[in-house]
Amino acid sequence: MSPSIEELTERYLRGELTAVEVAALEQRLSADANERAQFRRATRLEANLRAHATEQQSEVAAWSAPRPQVEATLAESFRALLWRWWAPFTTAVAVVVLGLIFWLGEEKPGAENVVTTVSGVSDPYLAIVIDQSADARWAGKDAPRGLGHALGRGRARLESGEATLQLDNGVELQLRGPAELEMLSVDHGVLHRGQLSARVPEGAIGFRVDAPGVNVVDLGTEFSLAVDGSGQPKVHVFKGKVRAALPSMPDSRTELNTGESARFDVALGKVSRGAEDPALFPALENDALVPHTTGDVRYLRRAPESVKAGTFEHDSIMVFEEQSEFTLPEEVVVMRGASNQQEGPEPSVAELATLPAGTRVRSYYVHFDRVGKGKRDVESKGSVTFDRPVLGLVIPFKTLAQTDAWLARTGTSYEHGGNRLLEMRFMGWKQSNAQHPNTSGRFDEVHLGPDGRSVTMDLLTGWAVDQFRVLVAVE
């Protein structure tokens, strides 16, 4: 009888698996989406426990000599308690899940699937590449493969060019190659070499980036860190405040405010404050002009090459700009909402508006293609907020086809036909679709928020893709 996924995960976290067992676990996770998700939750919790242990000692561990044994002991004790109550529950769940898998059939990873690899503890939901330059080249087994792909825990090398990553906690990292970045969790990274700039939202204050011999902790900032072969990491604060120090020297603790810089001579144990060359630090894009996202939604600052079904798969919802300014040649009927989405005895009614010919719009495309295909719906939800009013949503088939000819981005291959339709309650057909049944009992939801700038979405897909357009005012 093969060991349970809980047993294998616990042994993996304890470092007890052999290389052969690790390879077998990787193959098992690649073949089973449920076990992959279970493993991902456990490893993510493990990382959070270690991060929590570190934070509890931050006044000691960050600014004085490291205490790895204390941190390991705290995490180990907490993990033992975790498995005491979690393992029996997940064992029962695993039995049910395995039965469902046998009955429903195996899910196959898609062409763009980023497989969970336990040897590198890659978590496909740790960070996503939301932009990269044309000359960006990644290397290393834990590195993303390009735009829209994931970066997990482990080392990744950007051999050339620039790339922008968005972490699950909303932190944005702009990396300039050649650089080597290791993410330990969404709250903690290590820049081994290269140049990195970070924008940390309010909810992620305390984000930490280490360099060889130096710790940098964010206190609500936009900051940058540069590491070269000189042995003198350099820190610059664009906005806000950071706390930086040489861990081996408690007296080196330094707070830097907006516009301030410092370099850290690790060999001599010396901190020098003063202006640094601005060219050392990658400039961050003005975030006021970039749509903000929450939940499972990710905004790509560069359009992908294809959004055809099966070619750009991810369990996050992707949004990208198609046209920055376009004048509609004829009127377009758009949706601004739909009532009674999930429940109610009466059919829901779409709230429509007509955009007249001559309306100037900026067009964004929303794309959700789950990893793999199967008989069970995968749900992702979140929101995207624009810097100007939303004029309407292009969802029905005829309107999507009408606007394809005008708004589809050159260089991106699009899905056509009914394979991309949302299944909203006002459309009325999902429950009776025998070939692709509604296993969740729920419908896709898309709402325009009361501010007129935010679009919230709760999408489910199993066999096809979910796609629609958002038209935003130009002025």
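Me: Strands here are DSSP runs of E, at least two residues, numbered from the N terminus. In this predicted model, which strand holds Pro-178?
Reply: Pro-178 follows a cis peptide bond from Gly-177, with omega about 0°. Most peptide bonds are trans. Pro-178 sits in strand S6.

Me: Which strand gives the most residues to the largest nonpolar core?
Reply: That core has 40 residues. Trp-138 and Leu-173 touch the most other members. With five residues, the top contributor is strand S6.

Me: Which leucines does Trp-138 touch, leaving out residues up to four places away in sequence?
Reply: Contact here means heavy atoms within 4.5 Å. The partners of Trp-138 include Val-129, Gln-132, Ala-143, Pro-144 and Arg-157. The leucines among them are Leu-158, Leu-165 and Leu-175.

Me: How many residues make up the other core, the one with Ile-317 and Val-319?
Reply: This core lies apart from the largest one. Val-384 and Leu-422 are also among its members. Its size is 24 residues.

Me: Which residue of S22 is the bridge partner of Gly-295?
Reply: Strand S16 covers residues 292-295 and S22 covers residues 378-385. The two run antiparallel, joined by four bridges. Gly-295 is paired with Gly-382.

Me: Which residue in S25 stands opposite Ser-380?
Reply: S22 also pairs with strand S25, residues 454-461. The sense is antiparallel, over eight bridges. Opposite Ser-380 stands Leu-459.

Technical notes: Residues numbered from 1 in each chain as written. Predicted model: local features only at pLDDT ≥ 70, side-chain atom pairs only at ≥ 80, totals over all residues. Heavy atoms only, no water. Pairing = 2+ DSSP bridges. Core = buried A, V, L, I, M, F, W, Y, C linked by side-chain atoms within 4.5 Å. Buried < 20%, exposed > 50% of the residue type's maximum accessible area, 1.4 Å probe, protein only.
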